[in-house]
Amino acid sequence: MDIEIKKAIDYLNYNISLEHSAIIQYLFHAYTIGEESIENELEEIAREEMKHLRMFAHAVVDLGGIPAIDKRASVFLEAPNAVELLQFDIDAEKMAIDEYSRQLKEISDKKVQRILERAINDETAHFKIFNDLQEKVKEKIAENGEKSVIDENKLKIVNLLNIYLQKQYEKILESLYQSFVTRHKNPHLSDELEQRAIDKMKHFGWVAEEVAEAGAKPNMDLPQIKKVEDEREIINYQIKDQQEFPKEVEEIAKNVEDRDLKWILERIAKREIHYTDLEEFLKRPETTDQDIAKVISALTVGSLFKKNQ
Ligand SMILES: [Fe+2]
Ligand SMILES: [Fe+2]
């Protein structure tokens with residue numbers, strides 16, 4: 001591999017790890033900060049970091065590399081108050097701006113340069129937004145009381161939910177990885193996998209918010225992931241997930257007394273569609289990968305949504 005390309009891939013993969021940590025840090029802060037207006041801003045910025053991660057990962061694949069979706073830079077999750085919490089986010093943006101600006105001078109690939117410029121623009125805006133938020137919070141901080149102590153009963157549920165969160169996080173990363181590596185081989189499948197990852201992120205957010213609302217910390221530790229690249233294996237992985245996962249969620253729902261939380265969990269379980277028939281279909285020798293991608297697309301929630309547009 002050309003040394004310039006190798007250098008660009010290494011930088012881009014480092015950037016993926018930076019974006020990954022920003023997403024987790026901002027989401028964790030959003031769920032735990034306890035101020036609705038700030039929560040929304042943080043979530044919105046996390047969504048933009050997801051777009052950056054996606055841009056960098058696609059650039060890695062386009063240059064012939066493997067996106068380092070299993071790596072994460074340092075995250076700073078907890079602080080005694082919202083001002084200090086937001087300071088972590090300001091620091092993260094500052095660091096990204098410096099890093100991407102430095103890379104811009106070192107990377108000669110025009111397409112990568114454009115991506116970096118786009119990211120620098122966004123991070124500069126984020127930097128300003130976080131500073132403004134911090135100013136606002138400083139004015140209000142005296143009013144903030146301590147969060148209530150969590151009771152025994154809730155603790156059991158919170159532990160179950162945190163196990164769920166870990167598994168979801170793992171599956172989000174695995175599905176994203178699968179989506180990135182199939183981008184050229186099977187764009188259709190790649191899109192569907194991305195839709196599945198996005199759906200899972202949504203569920204992850206719903207549950208993480210519930211955990212934080214119960215006064216506990218959502219588990220956002222970086223999980224170990226399995227990297228599946230073969231299309232058939234990917235499809236088998238996704239089918240297995242759709243078969244097993246709703247049962248696990250329903251099992252947690254059974255233990256829950258809180259009605260809102262129960263409703264959320266049941267909703268998540270129903271959003272996963274069982275399709276055992278597909279196994280039959282896969283075993284037929286005349287089934288092509290294109291057929292499979294078509295069937296997957298017809299059966300996933302993400303695509304149904306797209307077709308209605
Ligand atoms: Fe970013
Ligand atoms: Fe940012």
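# Reading a predicted all-helix model

Biologist: In which helix does Glu192 lie, and why is Glu192 called buried or exposed?

Modeller: Glu192 lies in helix α6 of this predicted model. Glu192 has 27 other C-beta atoms within 10 Å, and since the cut-off for a buried residue is 20 or more, Glu192 is therefore classed as buried. The C-alpha atoms of Glu192 and Ser179 are 7.8 Å apart, although 13 residues separate the two in sequence.

Biologist: What makes Arg54 buried, exposed or partly exposed?

Modeller: Arg54, which is placed in helix α2, has 18 other C-beta atoms within 10 Å. A residue is exposed at 12 or fewer and buried at 20 or more, so Arg54 is called partly exposed. Between the C-alpha atoms of Arg54 and Glu19 the separation is 9.3 Å, and the two are 35 residues apart along the chain.

Biologist: Why is Asn131 given its exposure class?

Modeller: Asn131 belongs to helix α4 and has 15 C-beta neighbours inside 10 Å; because that count falls between the limits of 12 and 20, Asn131 counts as partly exposed. In space, the C-alpha of Asn131 is 9.7 Å from that of Val83, with their positions 48 residues apart in sequence.

Biologist: How do you know what span α4 should have, and does its span agree or disagree?

Modeller: The expected span is 1.5 Å times one less than the number of residues, so the 31 residues of α4 should span 45 Å, and the end C-alpha atoms of α4 are indeed 45 Å apart, which agrees. For α2, with 27 residues, the reach from first to last C-alpha is 39 Å, close to the 39 Å expected. Following α2 comes Gly64, with a positive phi near 95°.

Biologist: Which residues of α4 are buried, and against which helices do they pack?

Modeller: The buried residues of α4 include Val112, Ile115, Leu116 and Ala119, and also Glu123 and His126. As a set, the buried residues of α4 pack against α1, α2 and α3.

Biologist: What makes up the largest nonpolar core, and how do you know where it lies with respect to the domains?

Modeller: This core has 68 residues, and among those with the most contacts inside it are Leu12, Phe56, Ala57 and Ile69. Two or more residues come from each of α1, α2, α3, α4, α5, α6, α7 and α8, with α1 giving the most, 14 residues. Because domain 1 (1-146) and domain 2 (150-309) both give residues to the core, the core lies between them. In soluble globular proteins, nonpolar side chains tend to be buried together.

Biologist: With which residues is Ala57 in contact, beyond its neighbours within four places in sequence?

Modeller: Ala57 is in contact with Ile16, Pro67, Ile69 and Phe180.

Biologist: What makes up the secondary structure of the protein as a whole, and how much of the protein counts as buried?

Modeller: The protein has 11 helices and zero strands, and 35% of its 309 residues count as buried. Of the contacts with a separation of 6 or more, 78% join residues 24 or more positions apart.

Biologist: Which helix has the lowest mean pLDDT, and which the highest?

Modeller: The average pLDDT is 87, and 85% of the residues score at least 70. Helix α11 (residues 301-308) has the lowest mean among the elements, 40, whereas α3 has the highest, 97. Over residues 301-309 the pLDDT is below 50, and this stretch has 12 contacts in the model beyond near neighbours in sequence. Where pLDDT is low, the predicted coordinates should not be read in detail.

Technical notes. Residues numbered from 1 in each chain as written. Chains lettered and ligands numbered in written order. Predicted model: local features only at pLDDT ≥ 70, side-chain atom pairs only at ≥ 80, totals over all residues. Core = buried A, V, L, I, M, F, W, Y, C linked by C-beta atoms within 7 Å. Helix = DSSP H or I, 4+ residues; strand = E, 2+ residues; numbered from the N terminus. Domains from an automatic or database assignment. Contact = placed C-beta atoms within 7 Å. pLDDT = per-residue confidence, 0-100.
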